[in-house]
Amino acid sequence: MYNKKEMSKNFFSSSLFCNFCILISILILSSCASKKDVVYFQDSKDFETLVNQNSYTTKFKVDDVISIYISTLNPEASVPFNLFRGADEGGVRPEQVDYIIDKDGEIDFPVIGKIKIAGLSSEELRSSLRGKLADYLKDPIINIRLKNFTVTVLGEVNNPGAYRVNGEQITILEALGLAGDLTIKGLRNNILVIRDFDGTKVHTRIDLTTKEALKSPVYYLTQNDVIYIEPNNSAITSSNLDNRASIWVSIASVLITSSVLLITRN
């Protein structure tokens with residue numbers, strides 16, 4: 001026969017074990033994510049061909065930093081059209097000076113003067129400069145490079161940060177690849193892209209779980225775009241449970257201590 005003290009201990013142990021099992025079950029269920037939450041392009045079919053009509057060409061913006069170098073078969077003739085900092089003395093090569101597009105969308109080009117280039121692509125600027133240089137140079141070679149093309153990836157990715165782009169084109173998938181892809185807690189169907197148009201911020205959402213993302217206006221990124229990945233419901237629930245768990249652990253500790261004292265006294 002069990003005495004009263006042993007029955008109380010067994011009841012307390014059973015209740016504690018049941019509560020522990022319930023807590024573990026809640027944590028497991030809350031951390032589960034279904035396939036539809038994490039798989040990209042779920043509606044794409046085998047051997048499906050998608051024609052990319054979402055062509056994109058990078059356009060220059062206010063505050064962009066641009067490198068322009070003019071060369072010809074006659075090096076001396078092109079010297080006045082290139083800006084350098086420092087003298088070529090003692091084996092020290094002078095540093096080329098870059099152009100910053102001002103608030104009016106212009107740069108001050110040597111000899112030619114003010115040129116409005118905001119809104120132009122590299123090829124359009126090259127064509128414009130070739131026409132303006134026709135009176136001064138024969139068959140000039142014009143090299144243009146956008147030097148401040150960076151994208152910033154924040155939120156639920158493995159390596160958040162700002163990334164410099166080599167070239168003039170990058171897709172959102174490539175940017176996420178640079179950031180180590182989304183974590184399992186990243187919300188894939190509501191990614192936010194913040195884009196700047198001469199001081200005006202435009203917010204656009206993109207769903208990477210569907211192939212329609214390939215047609216999105218933010219599939220191709222522009223310089224200084226910011227990508228933000230929200231946490232999914234699982235991550236939010238887990239965070240809430242972590243906060244609640246710390247409170248319940250404190251309460252449980254007090255209850256356990258009190259219960260043990262009561263049982264031992266009996």
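**Group meeting: one predicted chain, from strand β4 to the core**

Good morning. I begin at strand β4, residues 99-100, which is where I100 is placed. Please keep in mind throughout that this is a predicted model.

Is I100 buried or exposed? Its relative accessible area is 56%, and because exposed means over 50%, I100 counts as exposed. Leaving aside neighbours within four places in sequence, I100 is in contact with D63, D64, V65, E106 and I107. The C-alpha atom of I100 is separated by 9.7 Å from that of K61, and these two residues are 39 residues apart along the chain.

Let me now step back to the chain as a whole. How many helices and strands does the secondary structure contain? The chain comes to six helices and twelve strands. It has 266 residues, of which 30% count as buried. Consider next the contacts in the chain with a separation of 6 or more: residues 24 or more positions apart account for 63% of them.

I turn to the interior. In soluble globular proteins, nonpolar side chains tend to be buried together. In this model, the largest nonpolar core has 41 residues. Which of them have the most contacts inside the core? They are I68, F109, I172, L176, I191 and I227. Several elements give two or more residues to this core: on the helical side α4 (122-133) and α5 (172-178), and among the strands β1, β5 (106-109), β7 (141-146), β8 (150-155), β10 (191-197) and β12 (226-229).

F109 deserves a closer look. Not counting residues up to four places away in sequence, F109 touches I68, I70, F81, Y99, I115, L129 and L133. I68, one of these partners, is itself listed with F109 among the residues with the most contacts inside the core.

Beyond strand β5, we come to V111, in the loop between β5 and β6 (113-116). V111 is not a glycine, yet it has a positive phi of about 70°. A positive phi of about 70° is also found at N224, again not a glycine. N224 lies in the loop between β11 (200-206) and β12. With a relative accessibility of 39%, N224 counts as partly exposed.

Next, two residues that are buried. R195 has its place in strand β10. Why does this arginine count as buried? Its relative accessibility is 8%, and buried means under 20%. The side chains of R195 and T222 are joined by a polar contact of 3.3 Å. Apart from residues up to four places away in sequence, R195 touches K61, T200, K201, V202, P217, V218, Y220, L221, T222 and D225. K61 has thus appeared twice in this talk, here as a contact of R195 and earlier in the C-alpha separation from I100.

The second is T58, in the loop between α2 (35-38) and β1. T58 is buried, with a relative accessible area of 5%. Its contacts, leaving aside neighbours within four places in sequence, are L120, S121, S122, L146, F149, E168, Q169 and Q223.

I now come to the second largest pocket, in which about 280 Å³ of space lies. There are 13 lining residues, and those closest to the pocket centre are Y69, N82, F84, R93 and P94. What is the character of this lining? Its residues divide into six nonpolar, five polar and two charged. Both β1 (65-71) and α3 (75-78) supply at least two residues of the lining. The element that gives the most is β1, with three residues. Strand β1 therefore has two roles in this account, since it gives two or more residues to the largest nonpolar core and also supplies the lining of this pocket.

Two further residues complete the picture. R85 is found in strand β2 and, at 47% relative accessibility, counts as partly exposed. With neighbours within four places in sequence left aside, R85 is in contact with P94, E95 and V97. P94, as noted, is among the residues closest to the centre of the pocket. The C-alpha atoms of R85 and Q96 are separated by 6.0 Å, with their positions eleven residues apart along the chain counted as the separation.

Finally, V79 lies in the loop between α3 and β2 (84-85). V79 counts as exposed, at 53% relative accessibility. Its C-alpha atom and that of P110 are separated by 10.0 Å, the two residues being 31 residues apart along the chain.

Thank you for your attention.

Notes
Residues are numbered from 1 along each chain as its sequence is written. This is a predicted model: local features need pLDDT of at least 70, side-chain atom pairs count only at pLDDT 80 or more; totals for chains, interfaces and linings use all residues. Side-chain values use heavy atoms; hydrogens and water are left out. On a 1 Å grid over the protein atoms alone, a cavity is a set of points where a 1.4 Å probe fits but cannot get out, and a pocket is an open set with protein on both sides within 12 Å along at least five of seven lines; lining residues have an atom within 4 Å of a point. Grid points are joined across faces, edges and corners, and a volume is the space filled by probe spheres set on the points. Helices (H or I, at least four residues) and strands (E, at least two) are DSSP runs, numbered from the N terminus. Ala, Val, Leu, Ile, Met, Phe, Trp, Tyr, Cys and Pro count as nonpolar, Asp, Glu, Lys and Arg as charged, and the others, Gly among them, as polar. A nonpolar core is a set of buried Ala, Val, Leu, Ile, Met, Phe, Trp, Tyr and Cys residues joined through side-chain atoms within 4.5 Å. Buried means under 20% relative accessible area, exposed over 50%, partly exposed in between (1.4 Å probe, protein chains only). Contact means heavy atoms within 4.5 Å. A polar contact is a pair of N or O atoms within 3.5 Å; within protein, one must be able to donate a hydrogen and the other to accept it, and residues adjacent in sequence count only if both atoms are side-chain atoms.
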